[in-house]
Amino acid sequence: MSTATFVLAASSSEVLNVIAAFAGGLFIAGALVWAVQFGMRVQDRELPRPLSEEQPHLPETGPVHEIREMREPDEMPAAADGRERLMPYQLRHSGSRRGKDQHRKRWQPGSGGGFGSGGLGHV
């Protein structure tokens with residue numbers, strides 16, 4: 001074989017590679033266009049957005065605020081029959097109740113603060 005045959009064979013495979021890459025690019029671009037059109041059709045079938053009159057409004061009394069209260073834990077009841085432990089279904093539903101003293105407990109003067117702060121802690 002002559003060099004002209006090798007050059008012709010090499011150039012023909014490069015042309016085929018370029019054509020294959022171009023066809024693949026056209027396929028991907030077509031798939032993307034189809035996906036966008038499909039999404040637009042799906043979006044057109046959805047319910048319209050609610051109007052401003054249909055949006056929720058504040059109550060007449062104003063905004064609702066959170067309530068802060070001090071809670072006291074319920075004591076763990078003792079087993080009545082001398083059993084070793086109580087089962088979860090034997091306990092009450094609420095784990096705490098409203099405390100009698102509603103003043104927040106504050107740090108004592110001269111106390112340290114958080115763990116590892118280097119202070120003396122509660123005295």
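At 28% relative accessibility, glutamate 72 is classed as partly exposed in this predicted model. Its salt-bridge partner is arginine 97, with the closest N and O atoms 3.6 Å apart. The two residues belong to separate strands, glutamate 72 to strand S1 (residues 71–73) and arginine 97 to strand S2 (residues 96–98), so their pairing ties together parts that are 25 residues apart in sequence. Arginine 97 is likewise partly exposed, and its relative accessible area is 40%.

Further charged contacts involve residues close to this pair in numbering. A salt bridge links arginine 71 to glutamate 69, and here the closest N and O atoms lie 2.7 Å apart. Arginine 71 has a relative accessible area of 42% and is therefore partly exposed, the range for this class running between 20% and 50%. Glutamate 69, with a relative accessibility of 30%, also counts as partly exposed. The contact between arginine 71 and glutamate 69 does not stand alone: Glu69, Arg71 and Arg98 are joined into one network by salt bridges that share partners.

The side chains of glutamate 66 and arginine 68 also meet in a salt bridge, with an N to O distance of 3.5 Å. Both glutamate 66 and arginine 68 are exposed, a class that requires a relative accessible area over 50%. In total, the count comes to 4 salt bridges under a criterion that places a side-chain nitrogen of Lys or Arg within 4 Å of a carboxyl oxygen of Asp or Glu.

Key: Residues are numbered from 1 along each chain as its sequence is written. This is a predicted model: local features need pLDDT of at least 70, side-chain atom pairs count only at pLDDT 80 or more; totals for chains, interfaces and linings use all residues. Side-chain values use heavy atoms; hydrogens and water are left out. Buried means under 20% relative accessible area, exposed over 50%, partly exposed in between (1.4 Å probe, protein chains only). Helices (H or I, at least four residues) and strands (E, at least two) are DSSP runs, numbered from the N terminus.
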